[in-house]
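Subject: Structure for you to look at

Hello,

Here is the structure I said I would pass on. Please open it beside this email and follow along.

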Amino acid sequence: MSIQKIARLAGVSVATVSRVLNNSDTVKAKNRDRVLQAIKEANYQPNLLARQLRTARSYMILVMVSNIANPFCAEVVKGIEEEAEKNGFRILLCNSGSDIERSRSGLSLLSGKMVDGVITMDAFSRLNELAALIGEAPWVQCAEYADAGAVSCVGINDVDASQHVVSRLADAGRQRIALINHDLSYKYARLRERGYKSVLHLRDLEYQAVEYASELSSAAGMAAMEALLAAPTRPDAVFAVSDTLAAGALRAIEQAGLRVPDDIAVAGFDGTELAGLVSPPLSTIEQPSRDIGRKAVELLLNKIDNPDAPTERVMMDWHYIERAST
């Protein structure tokens with residue numbers, strides 16, 4: 001189906017159809033409705049190449065994630081894709097693993113004009129290196145919040161959220177609260193640990209134990225929990241910086257013949273589907289993962305349309321979900 005046939009079906013000129021496809025505000029409402037109805041009836045798909053040539057845009061967004069196997073990352077990407085498609089864009093996904101060489105390969109698409117902008121979910125410690133590679137191209141950092149610099153970003157207040165979790169555990173009478181963390185090159189890991197330690201200090205809780213998981217996986221969470229259980233003093237609560245790590249902790253506790261939450265309470269972070277599927281269901285901080293992805297696209301499209309737009313930093317709301325694990 002061509003644009004000419006759409007024009008004949010709608011009873012308008014080819015120029016009118018073109019203006020409708022380009023969201024021009026000069027088209028009369030009656031003619032716009034006729035064109036949209038004809039497009040719907042004919043199941044018309046605009047020629048992407050022609051659109052690219054006409055607008056000098058690719059209508060593609062590069063999305064670089066640190067670990068697509070992380071359920072939280074996967075949910076954010078779903079939000080990114082939904083918002084991108086709603087605005088006529090497609091995404092190219094690069095699983096960078098926060099490796100700068102893999103990032104360099106993906107970002108070569110920017111210089112080739114194959115993508116119009118980039119959304120990153122890489123470790124905060126890599127931002128300076130990424131900035132050198134990305135240059136002046138439209139860019140948004142997603143989920144790893146930047147307090148300063150030229151890159152727009154969207155995330156949550158990780159310190160406040162982790163303080164809330166640890167405070168809830170302390171309010172429930174837990175005296176020996178441990179932390180299962182991950183790679184401190186990620187800003188969220190540093191901020192969640194800061195929140196954890198600040199509550200222990202404010203509550204005068206002397207016990208402090210932090211285990212660093214080798215990766216964001218259930219197996220790594222299990223290994224970290226086993227190390228905590230092997231220590232001379234066993235925790236009576238554990239806060240893990242992701243639901244995936246918390247799920248591994250639950251398994252380790254069960255295999256040790258202990259009960260959750262009677263012997264050890266467990267709380268996670270992210271609010272992924274996994275938190276409701278494990279046994280017992282996991283108390284967790286729910287991040288608005290899809291909304292974070294949608295907002296990242298909104299910020300990026302604004303930067304694409306307005307290259308001189310000021311840097312924006314968006315903090316989104318989080319919620320604590322209490323379940324049987326605590």
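Below are notes on two sheets, the helices that pack on them, and the cysteines. Please keep in mind that this is a predicted model.

The sheet with parallel pairing

One open sheet has 6 strands in the order S2-S1-S3-S4-S5-S11, and its pairing is parallel. Strand S2 (90–95) and strand S11 (313–316) are the edge strands; each has a single partner strand, so one side of each has no neighbour in the sheet. From one strand to the next, the twist averages 20 degrees.

Within this sheet, look at strand S4 (residues 139–142) and strand S5 (residues 152–156), which pair in the parallel sense over 3 bridges. Across this pair, cysteine 142 is opposite valine 154 in S5. Two helices can be placed against the strands. Helix H7 (residues 127–134) lies across strand S1 (60–65), strand S3 (117–121) and S4, and runs at about 160 degrees to S4. Helix H13 (residues 289–305) also packs on the sheet, where it touches S1, S3, S4, S5 and S11. The direction of H13 makes about 165 degrees with that of S5.

The sheet with mixed pairing

Another open sheet is formed by 6 strands in the order S7-S6-S8-S9-S10-S12, and here the pairing is mixed. Its edges are strand S7 (209–212) and strand S12 (319–321); each has a single partner strand, so one side of each is left without a neighbour in the sheet. The twist averages 20 degrees from one strand to the next.

S7 pairs with strand S6 (residues 177–181) in the parallel sense, over 4 bridges. In this pair, isoleucine 180 stands opposite glutamate 211 in S7. Helix H9 (residues 187–202) lies across S6, S7, strand S8 (237–240) and strand S9 (265–270), at about 175 degrees to S6.

The cysteines

A disulfide is a covalent bond between the sulfur atoms of two cysteines. How many disulfides does the count come to? The count is 0, with a cut-off of 2.5 Å between the sulfur atoms.

Cysteine 142, already met opposite valine 154, shows why: the closest cysteine sulfur, in cysteine 73, is 8.9 Å from its own, which is too far for a bond. Cysteine 153 is in no disulfide either, as the nearest cysteine sulfur, that of cysteine 142, is 9.6 Å away.

Are these two residues buried or exposed? Cysteine 142 has a relative accessible area of 0% and is buried. Cysteine 153 also counts as buried, at 0% relative accessibility.

Regards

How values were computed
Residues are numbered from 1 along each chain as its sequence is written. This is a predicted model: local features need pLDDT of at least 70, side-chain atom pairs count only at pLDDT 80 or more; totals for chains, interfaces and linings use all residues. Side-chain values use heavy atoms; hydrogens and water are left out. Two strands pair if DSSP finds at least two bridges between them. Axes are lines fitted to C-alpha atoms, for helices over the stretch in contact, and angles run from 0 to 180 degrees between N-to-C directions. Contact means heavy atoms within 4.5 Å. Buried means under 20% relative accessible area, exposed over 50%, partly exposed in between (1.4 Å probe, protein chains only).
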